Amino acid sequence: MAGAQAAVLLTAPLGGLHLRPMTDAGDMTYRDDLTIRLCGPRGFCAGVDRAIQIVVLAIKKYGAPVYVRHEIVHNRYVVEGLQERGAVFIEELSEIPDDHRDRPVVFSAHGVPQSVPADAQARNLFYLDATCPLVSKVHKQAMRHQRLGRHVILIGHAGHPEVIGTMGQLPDGAVTLVETEEDAARVFVPNEQELGFVTQTTLSVDDTEGVIRALEARFPAIRAPAAESICYATTNRQVAVKEAAPGTDLFLVVGAPNSSNSRRLVEVAERAGAKRALLVQRASEIPWDKLGDLRTLGLSAGASAPEIIVDEIIEAFRARYNVTVELAITAEETENFPLMRDLRDVELTRADMAFVNGGA
Ligand code: SF4
């Protein structure tokens with residue numbers, strides 16, 4: 001975990017947030033007080049930021065359309081924002097029309113099986129690989145296990161693109177997927193003495209420890225990867241939610257239903273003591289008429305959720321409550337992953353990323 005530190009709870013007028021006892025219509029109306037515990041870190045991680053920048057800069061440099069294989073990150077708002085700028089999302093390279101083979105195609109942050117860049121080369125496509133460097137690190141960990149003669153166990157969620165990408169780094173049969181402690185208790189392996197494991201980057205830290213313990217109990221010779229596979233961003237966001245959740249009447253996580261790390265944050269909030277926790281993509285999804293007696297709200301965002309939506313949600317509460325924001329900060333993040341050489345000559349401005357970060 002990068003820059004971990006003791007939790008800090010501050011009461012702060014954040015970004016212009018302050019008590020506002022008037023309705024938007026201007027009349028004096030009684031409002032309940034609401035404290036929002038806003039987690040930090042939250043929202044975009046360095047890998048997501050980089051992936052979005054790659055699409056934005058590719059459109060800037062090469063013009064539209066730029067093809068993107070799979071959702072660049074699991075967030076509808078981000079995908080739609082990029083579509084408006086000229087990105088075309090596809091699931092398979094075969095969807096690129098023959099007369100567009102000169103257009104760039106970007107691979108998503110989740111990583112791709114080795115067959116995908118091979119297919120791109122066979123089709124003579126120009127591709128930009130936005131795989132997060134921390135996902136690439138897991139690919140290398142899996143390949144290292146195999147090079148050392150070990151069968152690889154991948155702890156992760158079946159069907160997630162990152163899992164498909166990691167399994168696709170090795171030949172068929174070289175990797176076995178384990179999702180739960182129950183799976184670990186019954187998994188068959190070819191040789192118990194030659195085993196290694198890696199994990200998906202966005203899992204629950206606590207659940208994964210349980211699965212690893214179960215594997216180590218059954219297979220004492222199993223080897224861990226050289227470094228932690230769950231990434232700093234996943235860990236940091238879970239730690240912040242654990243700090244903020246106890247005693248909250250409701251905990252909201254901004255994120256998409258297909259975002260693994262966002263869904264884990266909902267589970268972490270519930271286990272850490274939030275009375276209930278919900279995943280929402282926009283303020284419009286908040287069940288306003290079912291919030292009940294709300295005094296303390298926890299708020300975080302998954303690694304693929306833009307800050308502009310966090311702002312939207314805080315504003316939506318401000319329109320209904322006298323809001324005080326407390327910051328629950330458990331780490332400072334300074335990670336920044338460099339772009340590929342092809343795009344380093346294009347300037348990235350604040351305005352280019354305002355559609356997700358706000359401001360201009
Ligand atoms: S969640 Fe972690 S692994 Fe995934 S893109 Fe972000 S930093 Fe990379």
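These are my notebook entries on a predicted model, arranged by the topic that I looked up.

**Entry 1. The nonpolar cores**

I began with the interior. The largest nonpolar core comprises 40 residues, and I noted Ile 52, Ile 72, Leu 82 and Val 106 as those with the most contacts inside it. I then listed the elements that contribute two or more residues to this core: helices H1 (46-62), H2 (76-85), H4 (133-147), H8 (232-244) and H11 (350-357), together with strands S3 (66-69) and S4 (87-90). H1 provides the largest share of this core, with 10 residues. I also recorded a second, separate core of 26 residues, which includes Ile 36, Leu 299, Ala 301 and Val 325.

I next examined Leu 82. Which residues does Leu 82 touch, if residues up to four places away in sequence are not counted? I found Ile 52, Val 55, Val 56, Ile 59, Ile 72, Ala 87, Phe 89 and Phe 355.

**Entry 2. Helix H11**

I turned to H11, one of the contributors to the largest core. Its buried residues are Asp 352, Met 353, Ala 354, Phe 355 and Val 356. I traced what they pack against and found H1, H2 and helix H10 (307-318). Phe 355 is also among the residues that Leu 82 touches. After H11 comes Gly 358, and I noted that its phi is positive, near 80 degrees.

**Entry 3. The ligand shell**

I asked where the ligand sits. It occupies the largest cavity. The residues that I listed around the ligand are Cys 45, Gly 47, Val 48, Cys 132, Leu 134, Val 135, Thr 201, Thr 202, Cys 231 and Tyr 232. By class, this shell has 7 nonpolar residues, 3 polar residues and no charged ones. H1 and H4 each give at least two residues to the shell.

**Entry 4. Asn 261**

I followed Asn 261, which belongs to helix H9 (residues 260-271). With a relative accessibility of 10%, under the 20% limit, Asn 261 is classed as buried. Its contacts, apart from neighbours within four places in sequence, are Thr 202, Thr 234, Gly 302, Ala 303 and Ser 304. I noted that Thr 202 also appears among the residues around the ligand.

**Entry 5. Cis peptide bonds**

I checked the backbone against the general expectation that most peptide bonds are trans. The bond from Gly 40 to Pro 41 is cis, with omega near 5 degrees. Pro 41 is placed in the loop between strand S2 (33-40) and H1.

The bond from Ala 64 to Pro 65 is cis as well, with omega near 0 degrees. I located Pro 65 in the loop between H1 and S3. Is Pro 65 buried or exposed? Its relative accessibility is 18%, so I entered Pro 65 as buried. Beyond residues up to four places away in sequence, Pro 65 touches Gly 86, Val 88, His 100, Arg 103 and Pro 104. For distance, I recorded 39 Å between the C-alpha atoms of Pro 65 and Arg 318, which are 253 residues apart in sequence.

**Entry 6. Positive phi outside glycine**

I then looked at phi, given that most residues other than glycine have a negative value. His 70 has a positive phi, near 70 degrees, and lies in the loop between S3 and H2. I entered His 70 as buried because its relative accessible area is 17%, under the 20% limit.

Asn 124 also has a positive phi, near 60 degrees. I placed Asn 124 in the loop between helix H3 (115-122) and strand S6 (126-129). Asn 124 is exposed, its relative accessible area being 66%, over the 50% limit.

**Entry 7. Ala 256**

My last entry concerns Ala 256, in the loop between strand S10 (250-254) and H9. At a relative accessible area of 3%, Ala 256 is buried. Setting aside residues up to four places away in sequence, I found that Ala 256 touches His 74, Asn 75, Ser 262, Arg 263, Leu 279 and Gln 281. I also recorded the separation between the C-alpha atoms of Ala 256 and Tyr 77, which is 9.4 Å across 179 residues along the chain.

Definitions and conventions. Residues numbered from 1 in each chain as written. Predicted model: local features only at pLDDT ≥ 70, side-chain atom pairs only at ≥ 80, totals over all residues. Heavy atoms only, no water. Core = buried A, V, L, I, M, F, W, Y, C linked by side-chain atoms within 4.5 Å. Buried < 20%, exposed > 50% of the residue type's maximum accessible area, 1.4 Å probe, protein only. Helix = DSSP H or I, 4+ residues; strand = E, 2+ residues; numbered from the N terminus. Contact = heavy atoms within 4.5 Å. Near = heavy atom within 4 Å. 1 Å grid on protein atoms, 1.4 Å probe; cavity = no way out; pocket = protein on both sides within 12 Å on 5 of 7 lines; lining within 4 Å. Sits in = over half its atoms within 2 Å of the grid points. Nonpolar A, V, L, I, M, F, W, Y, C, P; charged D, E, K, R; others polar.
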